[in-house]
Amino acid sequence: MEYESVLIVKPEVFIYKIPPRASNRGYRAADWNLKEPTWTGRMRLVAKGTACILKLEDKTSGALFANCPIDTYPGVAIEAVSDSSRYFVIRVQDDNGRSAFLGLGFGDRSDSFDLNVALQDHFKWVKNQEQIEKEKTEPKQELDLGFKEGETIKINMRITKKDGSEGTSRTGKGKSSSGVLPPPPGGLSKIAPPPAQAAATAGGATSPAHRAAAGAGSEWTDYASAGGNQGQQNTANANWVQF
């Protein structure tokens, strides 16, 4: 069982008989006799489920003057005029289905603003309810997050160094993970000889350093030879004494 809920109540509204629409430009409140309304009473905007009805009632007795069923807003059932924000054109209906268009006016602009907000909120709620019911009947399409055949992903990882800076770790062909460059093609090369030795080997000449080393070797040889000769001489002297 659906209950009737009141969306908004305005204690005083004005109803006008309006002339037929002259053109497609819309209704104008200036064409009405605004100083002499046809009826004055109370307005209630009520909702029953998703249905919305604007009711015009007597201020004292609450007797119903006219019903205005509203199926959408903005729409044919209630339409704002082109020259004022305080006046609307509503389509009222009786129990036999007959309809007529009347002018609806408010004494204060804030009252018409409240009516606008109440209608917008109601039909926004209706739209959300329709979406919920639609999702219940129609199964949701599940997302396929798996990898397709041959699909790959690339991940860049940020690595914080000891000094606090960030570096990006990337793996690639031909690079070492430790950061050391690979050896050159063809294997390890031999260490080149010192320039002096290379020059001596290439040209057969002797550098000053090598000549000094060679002279030192000669002196050491001469010293050893001198020592050897002295030993031989001492041996000859000893032999001479014994003789």
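H122 sits in helix α1 of this predicted model. With a relative accessibility of 6%, H122 counts as buried. What does H122 touch, once residues up to four places away in sequence are set aside? The list runs to L7, A47, G49, T50, A51 and C52.

The last name on that list, C52, leads on to the cysteines. C52 is buried too, at 2% relative accessibility. Its sulfur is 8.7 Å from the closest cysteine sulfur, which belongs to C68. A disulfide would need the two sulfur atoms within 2.5 Å, so at 8.7 Å the pair is simply too far apart for a bond. Seen from the other end, C68 is in no disulfide either, and the cysteine sulfur nearest to C68 is that of C52. C68 comes out at 0% relative accessibility and is likewise classed as buried. How many disulfides does the model hold? The count comes to zero.

Salt bridges are another matter, with a count of nine. One of them pairs K10 with D111, where the closest N and O atoms are 3.0 Å apart. K10 belongs to strand β1, residues 4-17, while D111 belongs to helix α1, residues 109-137, so this pair ties together parts that lie 101 residues apart in sequence. Are K10 and D111 buried or exposed? Both are buried.

R98 and D94 make another salt bridge, their closest N and O atoms being 2.8 Å apart. Salt bridges with shared partners also link up: K10, D111 and D114 are joined into one network in this way. As for the R98 and D94 pair, R98 counts as exposed, at 58% relative accessibility, whereas D94 counts as partly exposed, at 31%.

R28 and D31 form a salt bridge as well, and here the closest N and O atoms are 3.1 Å apart. On the R28 side the relative accessible area is 28%, which makes R28 partly exposed. D31 is partly exposed too, with a value of 43%.

Turning to the surface, which residues form a nonpolar patch there? The patch is made up of F147, I153, I155, M157 and I159. Together these side chains account for about 570 Å² of accessible area. I159 is found in strand β8, which covers residues 157-160. With a relative accessibility of 44%, I159 is counted as partly exposed.

The backbone has a point of its own to note. Most peptide bonds are trans. Where, then, does a cis peptide bond turn up? Such a bond joins Y73 and P74, with omega at about -5 degrees. P74 lies in a loop, with β4 (64-70) on one side and β5 (78-80) on the other.

Helix α1 thus comes up twice in this account, once as the home of the buried H122 and once as the element that contributes D111 to the bridge with K10 of strand β1.

Key: Residues numbered from 1 in each chain as written. Predicted model: local features only at pLDDT ≥ 70, side-chain atom pairs only at ≥ 80, totals over all residues. Heavy atoms only, no water. Helix = DSSP H or I, 4+ residues; strand = E, 2+ residues; numbered from the N terminus. Buried < 20%, exposed > 50% of the residue type's maximum accessible area, 1.4 Å probe, protein only. Salt bridge = Lys/Arg side-chain N within 4 Å of Asp/Glu carboxyl O. Patch = residues over 30% accessible without salt bridge, like charges linked within 9 Å, V, L, I, M, F, W, Y side chains within 5 Å. Areas by Shrake-Rupley, 256 points an atom, 1.4 Å probe, with all protein chains shown as cover. Contact = heavy atoms within 4.5 Å.
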